[in-house]
Amino acid sequence: MSRSDFVVLRDVHFTHASAAPPLLCRLSLQLPGGWTGIVGPNGGGKTTLLRLVAGELMPQQGSVQAPAPALLCRQGTDFAPAGLGDLLGAHGARAARLRERLGLDPGWPARWPTLSFGERKRAQLAAALWQAPAVLAVDEPTNHIDAEARALLLNALREFRGIGLLVSHDRALLDALCERC
C-alpha cells in the first residue's frame, strides 16, 4: 500500500469555538483501506473527526491527509443529497445496481419531505457511493431505520472498496462491517 492508500492524522488539535477544553488533542493515527469503526461517548468528537477527514473542518494544529475525494454522509437527512438526481437518471449497470441494491424510487427527490428516515438514508448513501469516493465517512446510518433498510444499507456498505469510517452505536453493524475500531 502506498501512503495515498491511508488517511493520516498527525498531531491533530481541534477545539470548537464554543468549547473551553480541546475536543481533540495530539491525535495521531493512520487508517487503511476497509472499514474502521469510530466509537465513543456522545460529545466525544466522533463526528468532528469525520468532518476533519472529509475536509469540512481544518485542525488548529497538525495535519490531516486523505485521498480525494472524501465524502461525509451526515446523520441528518433534511435535504436530498447532491448527486441523487444524477444517479436516478443515469444509464448503465453501475447506476442500475446501486438503485436496485438500495431500493431507490425515481420519484423520491420530488417527495423528499414525505419519505421515511430509512428511505432518505438509503438515498443519501446511494448518492455518496455513486460519486465513488476514495474515503467515505458515515455518521450513524442505522439510527431510526427498520430492519429492512438496515439490511440494505449494510449490504451496500460492504461493497465499498475505499477507506471507510463508520460512526455508530450499533454494535451489530460495527461487527458485521468493520475490520477495526
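**Exercise 1.** In this predicted model, which residues of helix α3 meet which residues of helix α4, and how are the two helices oriented?

*Solution.* Start with the contacts. On the α3 side they involve Arg94, Ala95 and Leu98, and on the α4 side Ala126, Leu129 and Trp130. Next, take the axes. Those of α3 (residues 93-101) and α4 (residues 117-130) come within 10 Å and cross at roughly 160°. Angles over 145 degrees count as roughly antiparallel, so α3 is roughly antiparallel to α4. Last, the handedness: α3 passes α4 in a right-handed crossing.

**Exercise 2.** Determine how strand β6 is paired with strands β5 and β7, and give the handedness of the crossover from β6 to β7.

*Solution.* Take β5 (residues 70-73) to begin with: four bridges join this strand to β6, and the two run parallel. One of the pairs is Ala70 with Val135 of β6. Then turn to β7 (residues 163-167), which is joined to β6 by five bridges, again in parallel. Here Val135 has Ile163 of β7 as its bridge partner. Finally, trace the connection: from β6 the chain passes through helix α5 (residues 147-158) to β7, a right-handed β-α-β crossover.

**Exercise 3.** Decide which residues of β6 are buried on each side of the strand, and state what follows for the strand as a whole.

*Solution.* In a regular strand the side chains alternate between the two faces of the sheet. Treat each face in turn. Val135, Ala137 and Asp139 lie on one side and are buried. Leu136 and Val138, on the other side, are buried too. With five of the five residues in 135-139 buried, β6 is therefore largely enclosed by the rest of the structure.

How values were computed
Residues numbered from 1 in each chain as written. Predicted model: local features only at pLDDT ≥ 70, side-chain atom pairs only at ≥ 80, totals over all residues. Heavy atoms only, no water. Buried < 20%, exposed > 50% of the residue type's maximum accessible area, 1.4 Å probe, protein only. Pairing = 2+ DSSP bridges. Right-handed = clockwise from strand over helix to strand, strands pointing away. Axes fitted to C-alpha atoms, helices over the stretch in contact; angles between N-to-C directions. Parallel < 35°, antiparallel > 145°, perpendicular 65-115°, else oblique. Left-handed = near helix turned anticlockwise from the far one by under 90°. Contact = heavy atoms within 4.5 Å.
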